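Reader: I should like to go through this model step by step, beginning with the overall fold and then turning to its interior and helix packing. Please reason briefly before each answer.

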Amino acid sequence: MRFTSEQRLDNGVLEREFTLGEIPGTLWTPESAAPAPLVLMAHNNGLPKAEPRLVARARYTAARGYTVATIDAAGCGDRPRSAADEQTRAELRRAMRAGEPVDEIFESFIGPLVENAVPEWRTTLDALLALPGIDGPVGYSGGWTALGISLALAEPRIAAAGFFAGGYVPRALREEARRVTVPLLFLVQWDDEGNPRQRALDLFDAFGSKEKTLHANPGGHTGTPPFELEDGCRFLDRHLK
């Protein structure tokens, strides 16, 4: 892991850009010198790690005493995208503009992206936990719910997860959700234009966690109320500290 830049924010959080092989990432560490639990903060496919809403969540969470990390998985941010991926994205945009069903396009597209992303996230986790000042347990927080399900199943170091039900989850992973047993906080925007409400509720019901909490708020995909940041950190406090 090679750090390429750093800046100290007004709240004392240290923000550093890094590269790990071909993987670009950002690491936020709190001001305290004590080892801090680690939160992996993933974003929806295609968005960059510098997406303002993700950065705001990461900075807030780090100021609450957590080390936070995110990466651009393959095909996200500025990382190269294959011609096939670009063709699928174009077909998806065309179908959405035309009001046509898009589930089958998502099915053929999201599954392979998740399969490719999981090994990179696990490699990143190995490198992060080898750094001084970063400690377990590990939490997951992000809008890429399909990735979060796969990581929670593949990575025993993840002790709790916060999912935002704003992304498509392939049918196979909806079935796999029954094997997810870590404590779970599940956020739903009641009027999310890209994620049907009933599908999100069915997914919440499928999770096998004995402790799982659903927070539902009115509004569209990007309308999650700011107070959910505080509630999310209280959830992390219960399970990571």
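Reader: What radius of gyration does the chain have, and why might one call it a compact globule or not?

Author: This is a predicted model. Along its principal axes, the C-alpha trace spans about 55 × 40 × 30 Å. A compact globule with 241 residues would have a radius of gyration near 18 Å, so the chain agrees with that expectation at 17 Å.

Reader: How much of the chain is buried?

Author: The chain has seven helices and nine strands. Among contacts with a separation of 6 or more, 67% join residues 24 or more positions apart. Of the 241 residues, the buried share is 52%.

Reader: Which helix gives the most residues to the largest nonpolar core?

Author: In soluble globular proteins, nonpolar side chains tend to be buried together. The largest nonpolar core here has 53 residues, and Ile110, Trp144 and Phe207 are among those that touch the most other members. The greatest contribution to this core, twelve residues, comes from helix 3.

Reader: Which residues does isoleucine 110 touch, leaving aside those up to four places away in sequence?

Author: Ile110 is one of the residues touching the most other members of the largest nonpolar core. With those sequence neighbours up to four places away not counted, its contacts are Trp144, Ala146, Tyr168 and Pro170.

Reader: At what angle do the axes of helix 2 and helix 3 cross?

Author: Residues of helix 2 including Leu92 and Ala95 meet Ile105, Phe106, Phe109 and Leu113 in helix 3. By class, this contact has six nonpolar, one polar and three charged residues. The crossing is left-handed. The two axes come within 10 Å, and their crossing angle is roughly 145°.

Conventions. Residues are numbered from 1 along each chain as its sequence is written. This is a predicted model: local features need pLDDT of at least 70, side-chain atom pairs count only at pLDDT 80 or more; totals for chains, interfaces and linings use all residues. Side-chain values use heavy atoms; hydrogens and water are left out. Axes are lines fitted to C-alpha atoms, for helices over the stretch in contact, and angles run from 0 to 180 degrees between N-to-C directions. Helices (H or I, at least four residues) and strands (E, at least two) are DSSP runs, numbered from the N terminus. A crossing is left-handed if the near helix is turned anticlockwise from the far one by less than a right angle, and right-handed if clockwise. Contact means heavy atoms within 4.5 Å. Ala, Val, Leu, Ile, Met, Phe, Trp, Tyr, Cys and Pro count as nonpolar, Asp, Glu, Lys and Arg as charged, and the others, Gly among them, as polar. A nonpolar core is a set of buried Ala, Val, Leu, Ile, Met, Phe, Trp, Tyr and Cys residues joined through side-chain atoms within 4.5 Å. Buried means under 20% relative accessible area, exposed over 50%, partly exposed in between (1.4 Å probe, protein chains only). The radius of gyration is taken over C-alpha atoms; the globule rule is 2.2 Å times the number of residues to the power 0.38.
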